[in-house]
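Subject: Structure for you to look through

Dear colleague,

I am handing over the structure we spoke about, and I would be glad if you opened it and kept it in view while you read the rest of this message.

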Amino acid sequence: MMPFFPIPYPDELLYSVLARYHLRSGNMSFKATIEDVFGTKNATAVMELPSNLNALINNLPLNTEYTADYFIDNHTLFPFYTAFLPPKRSQWVRNNMMKRNGKGIYGKTGIMASSVVSNQFFKFCPLCNEEDKERYGELYWHRIHQIPGVLVCPKHQVMLCDSQAPIKGYNKHQYVAASEENCIKQDIAVAYSDKTVLHLIELAKDVEILLNSHFERRPTEWFHEQYRAKLIERGFATVNGNVMQKKLTEEFVRFYGEEFLSFVQSSIEIDSNSNWLTNMVRGRNRASHPIRHLLFARFLGITVPDLFYRQLTYKPFGDGPWPCLNPVTEHYLKPVVKQLRISYSNDTKKPVGTFSCDCGFVYVRTGPDVAEESRYKIGRIKQFGHVWEAKLKDLVEKKLSLRQTAKLMGADPNTVKKYAAKLGLETYWEKRSNRELIQAKGSSITIFDKRDYYRGEWLKLMNHYPDKSKTELRQLNKAVYAWLYRNDREWLQLNSPEPRYTYKNTRVDWDKRDKEILAKIKVVVKEMLNSTEKPERITVSLIGSKLGIRGLLEKHLDKLPLTKGYLDSVKESRRDFQLRRIKWAVRELEQEGQELKLWKVLRKAGIRKEYIRELENKVLEIIKKY
């Protein structure tokens with residue numbers, strides 16, 4: 001039994017804890033330490049996935065509450081190497097790490113067969129070492145720093161250094177502790193581009209999440225389906241799941257860059273028909289290194305927690321419920337539609353959604369949705385439903401005109417006529433029309449006869465009263481005017497007296513107001529451009545809000561030609577605003593005395609990830625000018 005046991009530090013490898021035990025135990029040989037720890041002289045000092053942990057627990061001092069599961073989850077690389085293994089295989093690895101004989105562990109995890117080679121030497125972060133020395137009085141090996149592909153400390157965002165301590169030394173029983181003698185800071189010989197550094201930081205943070213989150217293990221098919229959903233959404237696969245391999249490979253390499261992929265041992269030959277990326281998306285049962293899972297997930301825009309816990313499905317119309325677009329219901333535009341059937345157009349290859357509400361209203365539109373407002377658009381109405389039809393009956397009984405009825409029903413007059421006939425409704429507008437025909441001719445006539453009759457009546461009025469205006473003629477025969485206005489408006493406009501005068505609103509001097517507002521806006525724009533604070537985008541709405549005249553600018557800008565012309569010349573597009581923010585960020589970093597790195601500028605400017613690629617070259621040009 002061990003006389004004492006060192007308290008493990010945060011993120012410390014169990015290997016490191018045992019190395020510190022050896023130093024403090026006073027043992028002359030490592031075999032003596034091995035015997036203290038495991039009760040045998042034949043155990044091997046293993047960094048990644050040590051075994052015989054049940055023996056370790058049995059040999060701990062009395063009243064020590066550590067368990068084998070605790071060490072496995074918090075002080076070995078088990079959470080990383082088994083994250084993407086099927087549950088049964090992951091449990092097998094855990095069980096065999098507890099047993100005396102750990103044979104087969106590395107084969108089960110795929111470490112031995114992977115083309116991602118493990119590190120040769122322990123790695124360390126110089127800044128972590130400084131903190132550890134000050135806080136604990138000694139150094140130790142952090143497990144996050146030992147993951148192959150992690151070249152940057154996720155906490156301090158500095159490059160990791162190789163120590164002089166080999167992970168697999170000449171003595172297989174030897175535990176080498178971290179020390180100032182074997183952790184000598186060295187200048188990194190490789191010059192990394194800003195883009196590569198940015199990706200290295202992101203990868204290190206993803207690995208850190210994977211190590212510390214204890215995610216539920218999922219079957220291999222789970223990840224295959226997660227990737228498939230995103231590939232379809234991003235346009236790298238058809239709706240049937242057929243992956244466009246060439247397009248995917250080219251975009252993947254362009255996203256990360258060949259330099260970064262080489263450094264994390266994940267290079268890809270674009271013209272090759274077989275590489276690790278194509279193998280990952282093709283085979284359901286192929287094991288891939290965790291680093292490559294993380295690379296692929298980030299490329300597709302999947303966060304690490306979402307990859308494990310949020311079941312992703314291709315949703316071209318977003319999440320339900322969806323809005324009902326039946327204008328006559330109380331729930332109009334409210335998210336109450338729960339029934340959606342998705343099909344795919346053979347011609348456009350796009351998804352087609354059929355939305356069915358409980359009110360009977362059924363509409364169709366083509367996806368995928370690209371903006372929130374897409375949810376409120378109708379491609380075609382398949383069925384108006386019982387609520388809409390009941391409302392039509394109600395309006396017909398109220399004897400409203402056809403135009404009024406159509407407006408309230410949210411449909412065109414011809415549709416209203418069609419459904420009124422379908423429902424066998426006796427409408428006010430048809431009865432009125434028939435009554436007028438009978439009064440005019442004494443018998444029913446065709447629509448063409450009807451049109452000729454009303455045109456003739458209107459021309460008679462004009463000939464009989466040549467000096468009267470259109471409004472005065474209307475008052476003389478309202479029925480004739482109303483019929484022509486509803487059914488023959490274009491002819492009525494062409495065959496009516498010219499207006500005698502045009503009314504002009506003289507209550508507002510728009511020219512004067514235009515000049516006054518223009519002067520105020522110029523002052524606001526100048527202040528926004530010269531401000532040393534984080535830039536605001538120059539838009540009509542923001543300027544209007546600052547001056548308290550947003551409504552005026554949005555509704556009456558056409559009456560302010562000078563103001564409109566000036567605003568058109570100064571308002572910023574998304575890209576213009578991003579470039580101004582980048583220039584501001586460069587100035588700020590320079591004033592703070594910081595080195596102008598691409599990733600620092602982008603982070604300071606608050607540029608969203610989806611725009612980084614298109615702005616990289618421009619940012620580098622701006623940095624060079626400074």
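Below is what was found in it, taken region by region.

Please keep in mind from the start that this is a predicted model.

A good place to begin is helix α11, which covers residues 245-256. At 1.5 Å a residue its 12 residues should span 16 Å, and because the end C-alpha atoms lie 17 Å apart, the expected and the modelled values agree. The buried residues of α11 are Gln245, Leu248, Thr249, Phe252, Val253, Phe255 and Tyr256. When you look down the axis of α11, these buried residues fall within an arc of 160°, so they line one face of the helix. It may help to recall that an α-helix has 3.6 residues a turn, so residues three or four places apart point the same way. The cover over the buried residues of α11 includes α9, α10 (220-233), α12 (258-263), α13 (276-282), α14 (290-300) and α30 (609-625). Just after α11 comes Gly257, which takes a positive phi of about 90°.

Phe252 also appears in the largest nonpolar core, which has 120 residues; the members that touch the most others are Leu56, Val207, Tyr227, Phe252, Phe296 and Ile582. The largest share of this core, nine residues, is supplied by α9. A second, separate core holds 24 residues, among them Cys324, Leu325, Val328 and Trp429. As for Val207, its contacts, leaving aside neighbours within four places in sequence, are Phe80, Ile144, Ile147, Val150, Ile291 and Leu294.

Helix α9 spans residues 194-212 and is also the place of Asp206. Is Asp206 buried or exposed? Asp206 has a relative accessibility of 8%, and because that is under the 20% cut-off, it counts as buried. Once neighbours within four places in sequence are set aside, Asp206 is in contact with Leu294, Arg298 and Val304.

Two loop residues are worth finding next. Gln146 sits in the loop between α8 (126-136) and β2 (161-166), and because its relative accessibility is 1%, Gln146 counts as buried. Apart from neighbours within four places in sequence, Gln146 is in contact with Leu13, Met47, Asn119, Phe121, Phe122, Lys123 and Trp141. Ala411 belongs to the loop between α17 (402-409) and α18 (413-422), and with a relative accessibility of 18% it counts as buried. The contacts of Ala411, again without neighbours within four places in sequence, are Trp388, Ala406 and Val416. Between the C-alpha atoms of Ala411 and Glu131, which are 280 residues apart along the chain, the separation is 71 Å.

Finally, please look at the sheet in which four strands follow the order β5-β6-β7-β8; this sheet is open, and its pairing is antiparallel. Its edge strands are β5 (339-344) and β8 (380-383), each of which pairs on one side only. On average, neighbouring strands of the sheet are turned by 25° against each other, with direction ignored. Inside the sheet, β6 (residues 351-356) and β7 (residues 362-366) pair in the antiparallel sense over five bridges. Which residue of β7 is the bridge partner of Val352? The partner is Thr366.

With best wishes

Notes
Residues numbered from 1 in each chain as written. Predicted model: local features only at pLDDT ≥ 70, side-chain atom pairs only at ≥ 80, totals over all residues. Heavy atoms only, no water. Buried < 20%, exposed > 50% of the residue type's maximum accessible area, 1.4 Å probe, protein only. Contact = heavy atoms within 4.5 Å. Pairing = 2+ DSSP bridges. Axes fitted to C-alpha atoms, helices over the stretch in contact; angles between N-to-C directions. Expected span 1.5 Å × (residues − 1). Arc of directions from axis to C-beta. Core = buried A, V, L, I, M, F, W, Y, C linked by side-chain atoms within 4.5 Å.
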